Amino acid sequence: MSMNIAVIGLGGTGSAALRFLADAGHKVTGYERFEIGHKRGSSHGNSRIIRYAYPDPLYTNLMTAAFPLWESLCEKTGRDLMVKCGGITFAPGGHPELDATIAALSSAGVAHTVMSSADAMQRFPAFRFSDDEVVVFHADAGFLRSGEIVEAQVELARDTGAEIRAGVEVVDVGETQAGVVVKTACGDVSSYDKVIIAGGAYLPMLFPQIGLPLTVTRQQITYVGLEDAAKHLCAPDRMPVWIDASTYWYGFPTDGRLDGVKIARHQMGDVVDPVMDDRSVRGSDDDAAVRVAEKRIGGTTGSVVHSEVCLYTNTPNEDFIFDTAPGWNNVLLVSGCSGHGFKFTVLLGKVAADWATSGEFCHGLADDRFRLRLPSV
Ligand SMILES: Cc1cc2nc3c(=O)[nH]c(=O)nc-3n(C[C@H](O)[C@H](O)[C@H](O)COP(=O)(O)OP(=O)(O)OC[C@H]3O[C@@H](n4cnc5c(N)ncnc54)[C@H](O)[C@@H]3O)c2cc1C
């Protein structure tokens, strides 16, 4: 039976939900307060790491459901939206996070190799490791072209009949006996059978009364230049994505879109208001990234090729929110991707789309850890 469904927020998650729903033959409308692919949310830019390697088996297992969905998107579009260059996680031997990552890969049956620093530098000559560091490599990792993915998914949804309302802010959502009523800033009112809200950093603004446990932070990424001689060693066929589990710095090989190598730190930045705060970059953040690049990667020039700001929407324990709005059955809230969620957005979108028609949370998203915990609920 065809249903009338709205998706609010067309970043990574919303664009995925929209295309799955359109593909299943539903009448769908996607609302996006800015233009498609804008830079005021969390999914813009050239790359996000995809990996099975997590210190937490819940996420390693979720990736077994997400990976085939990414592969199918690449097939469907005929585009290299996922680049499988492999991934490494490293830390001094015995570091608890590294040990937990190796254990999670083993228990999920993901093929991986644990290497000494000397072996790792021989295999991946772009990197510099210290003698005491241990490196775990797995081939089923790489990066997703996040900004291009959002645009491709919206395009797929539009081609399959979805209505896209870009530049339209939803200001109110309310569940009634007759359906879910959606009001926009320009005064339009529409009614739907189900509504999926994937609003990222802006989600709390739609529900100020329920005090969602979300903190929005400013995060900066930096591309550091490479000497000509180093470029071939930093290409995706020679250099995997990397995470230093002891400092949370991470990085990418060259992505074929911008020169240099992208580096950033997975650590909560300043708390910001997504609407009011500007997105200007800071020299001090770039300087820190350049220093890490010089320590970790051979042949960097010390110059900053590009940098930009993005938003994390964090829950206290970095688990996502995937739950119906308190007291309602027909409105789903999906957010709190906490700086590591892009790799799961395709799965969040698929499970949200399935929820709209079945009322069920499938795959690992049935886990209690994704339910809202509010004092009043
Ligand atoms: C610097 C940085 C690095 C990251 N690195 C990684 C990584 O390596 N690997 C990884 O897996 N993840 C990573 N992440 C996290 C990942 O990018 C995010 O978790 C993911 O993009 C979140 O997607 P989303 O759809 O929830 O939010 P968004 O992409 O922000 O989408 C939400 C959308 O909703 C719209 N919206 C909100 N409210 C309304 C409204 N009222 N009306 C209409 N539209 C509305 C917004 O405008 C926005 O477009 C990183 C994030 C950042 C910032």
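Which strands and which helix each supply at least two residues of the lining of the second largest pocket? Keep that in mind while you get your bearings; the model on your screen is a predicted one.

**Stop 1: the two domains**

Start by colouring the chain by domain. For domain 1, select 4-43, 147-209 and 317-370. For domain 2, select 51-144 and 215-314. If you put a marker at the C-alpha centre of each domain, the two markers sit 27 Å apart.

**Stop 2: where the domains meet**

Now show the residues in contact across the boundary: domain 1 puts in 39 residues and domain 2 puts in 30. Between them, domain 1 and domain 2 bury about 3,100 Å², and carbon and sulfur atoms account for 63% of that area. On the domain 1 side, pick out Glu 148, Ile 149 and Lys 343 as sticks. These three lose the most area to domain 2, and together they make up 19% of what the domain 1 side buries.

Stay with Glu 148 and add Arg 79 to the selection. The pair forms a salt bridge, with the closest N and O atoms 3.2 Å apart. Across the whole boundary between domain 1 and domain 2, the count is five salt bridges.

**Stop 3: the second largest pocket**

Back to the opening question. Select strand E14 (215-226), strand E17 (261-265) and helix H8 (283-296): each of them gives the second largest pocket at least two lining residues. The space in this pocket comes to about 290 Å³. To find the middle, click on Gln 219, Gln 220, Arg 265, Gln 267 and Asp 285, which are the closest to the pocket's centre among its 17 lining residues. Colour the lining by class and you get six nonpolar, six polar and five charged residues.

**Stop 4: the cavity**

How many cavities of 30 Å³ or more does the structure hold? There is one, and the space in this largest cavity is about 40 Å³. To see the walls, select Ile 49, Arg 51, Ala 53, Gly 87, Ile 88, Thr 89, His 138, Ala 141, Val 241, Trp 242 and Ile 243. Then switch to cartoon and look for strand E5 (87-92) and strand E15 (241-244), each of which supplies at least two residues of that lining. Colour the cavity lining by class as well: seven residues are nonpolar, three are polar and one is charged.

Technical notes: Residues numbered from 1 in each chain as written. Predicted model: local features only at pLDDT ≥ 70, side-chain atom pairs only at ≥ 80, totals over all residues. Heavy atoms only, no water. 1 Å grid on protein atoms, 1.4 Å probe; cavity = no way out; pocket = protein on both sides within 12 Å on 5 of 7 lines; lining within 4 Å. Points joined across faces, edges and corners; volume = space filled by probe spheres on them. Helix = DSSP H or I, 4+ residues; strand = E, 2+ residues; numbered from the N terminus. Nonpolar A, V, L, I, M, F, W, Y, C, P; charged D, E, K, R; others polar. Domains from an automatic or database assignment. Contact = heavy atoms within 4.5 Å. Buried area = accessible area lost by both parts, 1.4 Å probe. Salt bridge = Lys/Arg side-chain N within 4 Å of Asp/Glu carboxyl O.
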